[in-house]
Amino acid sequence: MKVLLAVGFSLLCFSLPSVAEISERTVLPLTLTDNGFLPAELTAFAGNKLIIRMTNKSSRVAELESYDMKFEKIAPQGKTVSVFAGPLRPGKYRFFDDYSLSGYSGWLTIREE
Ligand SMILES: [Cu+2]
């Protein structure tokens, strides 16, 4: 959804979470390489508030996006970005790099607590 990038980016700048809001969330580390996401599958428990924290170790700018979890964030090369997810019901939720021509994607699997 590149058309919305400029708008989305400026909105994100004004919606930074408080420290308390971050500390009650489970952090799921993720890395983007030139070969895709590592790991390609994340796992968490249902009902938990989550942060997906991705470091872009690929050789280009990326955009971490998910229709299933409704987030979208630009990740410059070498930088780490965080997006919020959850609480979610059990199931599989897809995320992807919207700038990847190879269609790199990964899955977040939510399990019953
Ligand atoms: Cu997008």
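Student: Which residue in β7 is the bridge partner of I51?
Tutor: This is a predicted model, where local features need pLDDT of at least 70, side-chain atom pairs count only at pLDDT 80 or more, and totals for chains, interfaces and linings use all residues. Numbering starts from 1 along each chain as its sequence is written, and side-chain values use heavy atoms, with hydrogens and water left out. β7 pairs with strand β4 (residues 50–56), strands being DSSP E runs of at least two residues, numbered from the N terminus. Look across from I51 into β7, and the bridge partner is F84.

Student: In what sense do β4 and β7 pair, parallel or antiparallel?
Tutor: Two strands pair if DSSP finds at least two bridges between them. β4 and β7 have six bridges, one of them linking I51 and F84. The sense of this pairing is antiparallel.

Student: Which strands stand at the edges of the sheet that contains β7?
Tutor: Four strands make up this open sheet, with mixed pairing, in the order β2-β1-β4-β7. A strand with a single partner has one side left without a neighbour in the sheet, so read off the two ends of that order: β2 and β7 (80–85).

Student: How about the five-strand sheet: what order do its strands take?
Tutor: This one is also an open sheet with mixed pairing. Its edge strands, each pairing on one side only, are β3 (41–45) and β6 (71–75). Walk from one edge to the other and you get β3-β9-β8-β5-β6.

Student: Which residue in β9 is the bridge partner of F45?
Tutor: β3 and β9 (residues 105–111) pair in the parallel sense, over five bridges. At E41, the partner in β9 is W107. Move along β3 to F45, and the β9 partner is R111.

Student: Which side chains of β3 point to one face and are buried?
Tutor: In a regular strand the side chains alternate between the two faces of the sheet. β3 shows that alternation, and E41, T43 and F45 point to the face where the side chains are not buried. Buried means under 20% relative accessible area, with exposed over 50% and partly exposed in between (1.4 Å probe, protein chains only). The buried ones on the other face are L42 and A44.

Student: How far apart in space are A75 and N56, C-alpha to C-alpha?
Tutor: A75 belongs to strand β6, and its relative accessible area of 0% makes it buried. N56 is 19 residues away from A75 in sequence. Between their C-alpha atoms, though, the distance is 6.3 Å.

Student: What relative accessibility does F95 have?
Tutor: Start with another phenylalanine, F37, which counts as buried at 7%. F95 counts as buried too, and its relative accessibility is 0%.

Student: Which residues are the protein donors of the copper ion?
Tutor: Donors are N, O and S atoms within 2.8 Å of the metal (3.2 Å for Na, K and Ca); water is not among the atoms, so sites may look incomplete. Here the donor atoms lie 2.0 to 2.2 Å from the copper, with three OE donors and one OD. The residues are E63, E65, E72 and D98.

Student: How are the donor residues of the copper ion spaced in sequence?
Tutor: Begin at E63, a donor that is buried, with a relative accessible area of 1%. From there, E65, E72 and D98 complete the set. Written as a pattern, the spacing is E-x1-E-x6-E-x25-D.
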